[in-house]
Amino acid sequence: MSAVVLSMNAGILKPIAIALGHLMDGIYMLLSKAGITNVALTIIIFTIVIYMILLPLTYQQQKFSRMTIIMNPEIQKIQKKYQGKRDQASVNAMNMETQEVYKKYGVRPTGSCVFMAIQLLILFPLYRVIYNVPGYVNSVKATMSNLANAIMGTSGYENTITDFFNTVKEGNYVYRGTSLDLSSAETAHDTIIDVIYKCTDANWSLLADKFPDLSTLIQSTHESVNQFNNFLGVSIVYSPKILIQNAMHGNGSAIIVLVAILIPIISAGTQFLNIRLSQSLNPNATQGNQMAAQMKMMNYMMPIYSLILVFFLPVGIGIYWIAGALIRSIQQFIINKRFDKMDMEALVKKNQAKAAAKEKERIEKKGVSGQTIARNASINTRNIAADPNAARRKTMAEKAASAANIDVDTSKQTVKKGSLAEKAGMVKEFNSKSPDEWKQAKAAAEKEAQNASGQSKNKNQSKKKSKNKKKK
């Protein structure tokens, strides 16, 4: 699929934008076969498909939210325990105890973050697709391709189309970020499509004046574009703000103004509905502490933010937001009903079993079985020496000899004083002796220390007497 230059502004998310464009193009072609050529309906169906694909992640996120309600008393108790303590040891201890709670309930706190990350990875490139449909939806681009070719076939078209673009983009927010590149035939073709796709009715009339020989083709293309961009009488290319401004200058009706006002309001309303359904998981979640109060404020700010944003963005994005909020609300309602009937204790046990299985799998991938780790963890270090076959395998030579069933005499090996090898030998010696043997060794060491101290004292006295004799 050839893409319009503007559509390449998706940056590192360009591959995702192209994939979404292919999906939308497929939906548009299916509707076209049924005799429906409408981008707004394509966006609605596209939104349904996207959220159905994301349903398993949505379910996991909601399950995490329900488990969080159960875990919260324990987590809050830990937070209260370390409240006001900012030293590194306390922070580490609090994090460790919190992780233990998550482990207890078999929950991964990163689960909801993954869902949010995937949503953002789809949302940002999706804006590019809706903002510039012809760049990604080849079926829409084909509708304007003939007109672009005809314009390029007109003598001196470069100056004419440049003059037209400079005129229509003046004060027109929808052309923000749009460029006209005539450096090659391909870029000229694509950017001309990009420009004419966003024309208002007045802009189409001006285009016909600029290219009078193409007036018939311009008229038919105008009708096709109006048809697939139409939603309740308004163009999805323009924002509600621009639609209202155009109506105030005589380029619209009262119906267009009403629809332009309702779209942001409905967007805010559906966002609020979705939030309320999410809160129904835990009606008391927004009561009792400062963080809950902040969350409550955010819950009211999000619909207001949605209202303002949709007012300034193309109607197509507003349709996506409304459709997405409605679909999420329906999914949330069904998920809530399912969780209400679910045995949460059974769910906790199931989560714990899954977490244990994943941990075992992770360990075994490193080459050690879970049973081996459990068995080794239960061995008392004092009892290791009791096994005559568990030889003291500290060096590489001993390990190699063990593998070859060869006995190695380590009694004559020398080690550097203060080295790890010496310390390991001390530990080995400690483990090899019983408590009675250590008592006897301790008594012998104390006696030896006393004798050494006495000898040193006698030696010092002899030296002192010798010095006194010399002085006399």
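**Exercise 1. In this predicted model, find the handedness of the crossing of helix 3 and helix 4, and work out how the two helices run relative to each other.**

Step 1. Locate the elements: helix 3 covers residues 55-81 and helix 4 covers residues 88-104.

Step 2. Look at the crossing. The crossing of these two helices, helix 3 and helix 4, is right-handed.

Step 3. Take the angle. The axes of helix 3 and helix 4 cross at roughly 150 degrees and come within 10 Å. Angles over 145 degrees count as roughly antiparallel, so helix 3 is roughly antiparallel to helix 4.

Step 4. List the residues that make the contact. Helix 3 contributes F64, M71, E74, I75, I78, Q79 and K81, while helix 4 contributes M94, E97, T98, V101, Y102 and K104.

**Exercise 2. State whether S267 is buried or exposed, and identify the residues it contacts beyond its neighbours within four places in sequence.**

Step 1. S267 lies in helix 12, which spans residues 254-279.

Step 2. The relative accessibility of S267 is 0%, and the cut-off for buried is under 20%. S267 therefore counts as buried.

Step 3. Once neighbours within four places in sequence are set aside, the contacts of S267 are S306, V310, W321 and I322.

**Exercise 3. Determine how helix 12 and helix 14 are oriented relative to each other.**

Step 1. Helix 14 covers residues 315-340, and its axis comes within 9 Å of the axis of helix 12.

Step 2. The two axes, of helix 12 and helix 14, cross at roughly 20 degrees. Angles under 35 degrees count as roughly parallel, so helix 12 and helix 14 are roughly parallel to each other.

Step 3. The crossing of helix 12 and helix 14 is left-handed. Among the residues making the contact are S267, T270 and Q271 of helix 12 and W321, I322 and A325 of helix 14.

**Exercise 4. Describe which residues of helix 1 are buried and which are exposed on the other side.**

Step 1. Helix 1 has 20 residues, 14-33, and reaches 28 Å from its first C-alpha to its last, close to the expected 28 Å.

Step 2. The buried residues of helix 1 are A17, L20, G21, M24, D25, I27, Y28 and L31. They lie on the same side of helix 1, because they cover an arc of only 165 degrees around the axis. In an α-helix there are 3.6 residues a turn, so residues three or four places apart point the same way.

Step 3. P15, L30 and K33 are exposed on the other side of helix 1.

Step 4. Just after helix 1 comes G35, with a positive phi of about 85 degrees.

Terms used
Residues are numbered from 1 along each chain as its sequence is written. This is a predicted model: local features need pLDDT of at least 70, side-chain atom pairs count only at pLDDT 80 or more; totals for chains, interfaces and linings use all residues. Side-chain values use heavy atoms; hydrogens and water are left out. Helices (H or I, at least four residues) and strands (E, at least two) are DSSP runs, numbered from the N terminus. The expected span of a helix is 1.5 Å times one less than its number of residues. Buried means under 20% relative accessible area, exposed over 50%, partly exposed in between (1.4 Å probe, protein chains only). The arc is that of the directions from the helix axis to the C-beta atoms. Axes are lines fitted to C-alpha atoms, for helices over the stretch in contact, and angles run from 0 to 180 degrees between N-to-C directions. Angles under 35 degrees count as roughly parallel, over 145 as roughly antiparallel, 65 to 115 as roughly perpendicular and the rest as oblique. A crossing is left-handed if the near helix is turned anticlockwise from the far one by less than a right angle, and right-handed if clockwise. Contact means heavy atoms within 4.5 Å.
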